[in-house]
Amino acid sequence: KNRDFLILSPFKTADEVTEFLIQENTKEVNFPIKLTFSTVDSVIEASNKTIFTDAEKLQFPLILRRWNEGDVFEPFGMNGQSKKVSKFFKDEKLSVLEKEKTWLLCSGNEIVWIVGQRADDRFKVSDSTTNILQIVLS
């Protein structure tokens, strides 16, 4: 017997906001996720929930958005090698739901952070950095 199956898939409504702008000097964002921004004097231990960036390399407003097919970033620690976000997700063995729930923090067209996962090497703090921005996911 043939049966018809209803396949449920996530959908976006026309009025759903898909990008959120974060202005310079913002201290806290509470929606769609909670991020705090603070200027610090030195880098303490970074983690999946905390990154440190060279604030001078950031272009404001920052953009918080979902990932798109074809998105590429340079994962921290990969010496400038780029990687597709989709490949990163596959390597991290993320489920479809986890991928859909992941946010990207972007500066212009470049990914600064796959939030809660991995920072981009291009925005890292170096010896010449004078303005360190700490970003924390809580």
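## S128 and its surroundings

In this predicted model, S128 lies in the loop that runs between β10 (118-119) and β11 (132-137). S128 counts as exposed because its relative accessibility is 61%, and the cut-off for that class is over 50%. The side chain of S128 makes a polar contact with the side chain of S126, at 3.1 Å.

S128 can also be placed with respect to a residue from another part of the sequence, D54. The two are 74 residues apart along the chain, while their C-alpha atoms are 9.3 Å apart in space.

## D121, in the loop between β10 and β11

D121 is found in the loop between β10 and β11, which is where S128 lies as well. D121 counts as buried because its relative accessibility is 12%, and buried means under 20%.

A polar atom of the D121 side chain lies 3.2 Å from the backbone nitrogen of G77. Leaving aside residues up to four places away in sequence, D121 touches E74, P75, F76, G77 and G80, so that G77 appears both in this list of contacts and as the residue whose backbone nitrogen is paired with the D121 side chain.

## The chain as a whole

The protein chain has 2 helices and 11 strands. Read along the sequence, these elements follow the pattern β-β-β-β-β-β-β-α-α-β-β-β-β, with the helices α1 and α2 spanning 85-91 and 96-101.

Of the 138 residues in the protein chain, 36% are buried. When contacts between residues at least 6 apart in sequence are considered, 68% of them join residues that are at least 24 apart.

## Two nonpolar cores

In soluble globular proteins, nonpolar side chains tend to be buried together. The largest nonpolar core of this model has 21 residues, and among these L35, L64, W113 and V115 touch the most other members. At least two residues of this core are supplied by each of β1 (19-22), β3 (35-40), β5 (62-66), β8 (103-107), β9 and β11, and the largest share, 3 residues, comes from β11.

L64 offers a view of the contacts around one of these core residues. Not counting residues up to four places away in sequence, L64 touches T18, E19, F20, I22, P32, I33, L35, W103, L104, L105 and V115; L35 and V115, in this list, are also named with L64 among the core residues that touch the most other members. A second, separate core has 10 residues, including I63, F88, F89 and L104, and L104 is one of the residues that L64 touches.

## The second largest pocket

The second largest pocket holds about 290 Å³ of space. Its lining is made up of 18 residues, and those nearest its centre are A46, I51, F52, F76 and A119. The elements that give two or more residues to this lining are β4 (50-54), β9 (110-114) and β10, with β4 giving the most, 4 residues.

By residue class, the lining of the second largest pocket divides into 10 nonpolar, 5 polar and 3 charged residues. F76, which is among the residues nearest the centre of this pocket, is also one of the residues that D121 touches.

## Backbone features in the loops

Most residues other than glycine have a negative phi, and most peptide bonds are trans. Two peptide bonds that lead into proline residues are described here as cis. The bond from F31 to P32 is cis, with omega near 5°, and P32 is found in the loop between β2 (28-29) and β3. A cis peptide bond also joins F60 and P61, with omega about 0°, and P61 is found in the loop between β4 and β5.

Positive phi values occur at N79 and K93, neither of which is glycine. Phi of N79 is near 50°, and N79 has its place in the loop between β6 (72-73) and β7 (83-84), where N79 counts as exposed because its relative accessibility is 73%. Phi of K93 is near 60°, and K93 has its place in the loop between α1 and α2; K93 is likewise exposed, with a relative accessible area of 72%.

Methods: Residues numbered from 1 in each chain as written. Predicted model: local features only at pLDDT ≥ 70, side-chain atom pairs only at ≥ 80, totals over all residues. Heavy atoms only, no water. Buried < 20%, exposed > 50% of the residue type's maximum accessible area, 1.4 Å probe, protein only. Polar contact = N/O pair within 3.5 Å; in protein donor to acceptor, adjacent residues only side chain to side chain. 1 Å grid on protein atoms, 1.4 Å probe; cavity = no way out; pocket = protein on both sides within 12 Å on 5 of 7 lines; lining within 4 Å. Points joined across faces, edges and corners; volume = space filled by probe spheres on them. Nonpolar A, V, L, I, M, F, W, Y, C, P; charged D, E, K, R; others polar. Core = buried A, V, L, I, M, F, W, Y, C linked by side-chain atoms within 4.5 Å. Contact = heavy atoms within 4.5 Å.
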